[in-house]
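Got your viewer open? Load the model and let's walk around the ligand together.

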Amino acid sequence: MQVFGLIGDPVGHSRSPPMHEAAYAELGMDARYVTFEPTGAGAAVKAAGSLGIAGLNVTIPFKRDVFDYIDPDPLAARIGAVNTVDFSTDPPRGYNTDLAGVTRSLAYHDIDPSGADAVVVGAGGAGRAAVFALVDAGASVHVANRTLATAEDLVAAVGEGTTAGGLATLDDCVPDADLLVNATSVGMDEDETPVPARLLHADLTVLDAVYSPVETRLLREAAAANATTVDGAWMLLFQGVEAFEVWTGREAPVESMNRALRDQL
Ligand code: NAP
């Protein structure tokens with residue numbers, strides 16, 4: 001039996017086990033997906049290697065710590081965060097599939113970011129993945145973050161095609177934008193929004209990284225403004241799809257995984 005899993009703290013809320021196990025069932029794989037709350041990233045990676053665990057997802061607070069114990073692929077190294085570790089090599093290889101979570105969510109909905117004026121709110125792990133994804137796809141990106149210095153650090157790391165500002169810059173940028181990504185935790189299990197409704201419009205596509213609730217206040221207000229909306233469960237799905245494909249080399253059964261994920265939300 002193959003064992004995959006998730007390390008983080010906490011992980012009790014994770015929707016990943018049923019999503020991945022739906023893929024194993026669909027493809028007839030003898031595999032399980034287990035969650036762990038280890039004492040540290042290093043201890044977890046070493047233990048996983050010696051126990052023969054095939055792959056791990058990594059979430060808060062270990063996405064950066066895990067770097068010291070793996071060999072990051074070039075994309076994960078640029079983003080500065082790892083959310084997927086593959087143990088088929090020595091040292092284990094680290095990937096960032098949150099980037100694919102963004103690009104594949106947009107592609108699935110026939111949204112092409114090439115040439116778009118995009119605004120990413122938030123500059124943490126999800127924000128970094130979203131900004132690299134959009135710039136690599138040919139968008140211009142304004143990063144608006146509560147802590148200006150974090151947005152400036154991100155823009156300095158990405159380079160050309162990006163600008164940074166505080167949340168007040170949303171007033172100027174969102175009315176002219178084609179694409180808006182919420183990569184803050186605002187709206188997670190609360191009826192709050194990081195972007196005032198008056199800025200939303202019909203020419204905008206809004207992707208929310210927040211997936212609980214599936215219809216956040218931001219998405220509800222975006223739909224009311226006739227914007228196109230893509231909920232955070234798509235990003236969660238496609239980061240998992242990409243991780244499955246990294247670990248197994250097989251095409252993931254996207255529809256089964258999506259059903260298993262949405263059954264929990
Ligand atoms: P993180 O690294 O902790 O970053 C949090 C971000 O939210 C920072 O930019 C922070 O700004 C901002 N923020 C927090 N509270 C805020 C507030 N009250 N007002 C304005 N900004 C605020 O977290 P993360 O890993 O990027 O995750 C961010 C969200 O995305 C979470 O809800 C997470 O669940 C979700 N997520 C979803 C997926 C998916 O697959 N759907 C994947 C990854 C993450 P400061 O820099 O000023 O603190």
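Here is a short tour of the ligand and its surroundings. This is a predicted model, so to read it by its rules: local features need pLDDT of at least 70, side-chain atom pairs count only at pLDDT 80 or more, and totals for chains, interfaces and linings use all residues. Residues are numbered from 1 along each chain as its sequence is written, and side-chain values use heavy atoms, with hydrogens and water left out.

**Stop 1: the shell.** Select the ligand, then show what surrounds it: 23 residues (a heavy atom within 4 Å). Ala 126, Asn 145, Arg 146, Thr 147 and Ala 209 are the closest. Color by type and you get twelve nonpolar, nine polar and two charged residues, where Gly counts as polar and Tyr, Cys and Pro as nonpolar.

**Stop 2: backbone contacts.** Now look for polar contacts, meaning pairs of N or O atoms within 3.5 Å. A backbone N or O atom of Ala 123 is 3.0 Å from a ligand oxygen. At Gly 125, a polar backbone atom also lies 3.0 Å from an oxygen of the ligand. Leu 236 brings a backbone N or O atom to 3.2 Å from a ligand oxygen. On its own the ligand exposes 920 Å², and the protein buries 75% of that (Shrake-Rupley, 1.4 Å probe).

**Stop 3: helices and domains.** Select α5 (125-136) and α9 (232-248), the elements that give two or more residues to the shell (helices are DSSP H or I runs of at least four residues). Which element gives the most to the shell? That's α9, with four residues. Finally, color domain 1 (2-96 + 235-262) and domain 2 (100-230): each supplies at least three shell residues, with bounds from an automatic or database domain assignment.

Methods: Polar contact = N/O pair within 3.5 Å; in protein donor to acceptor, adjacent residues only side chain to side chain.
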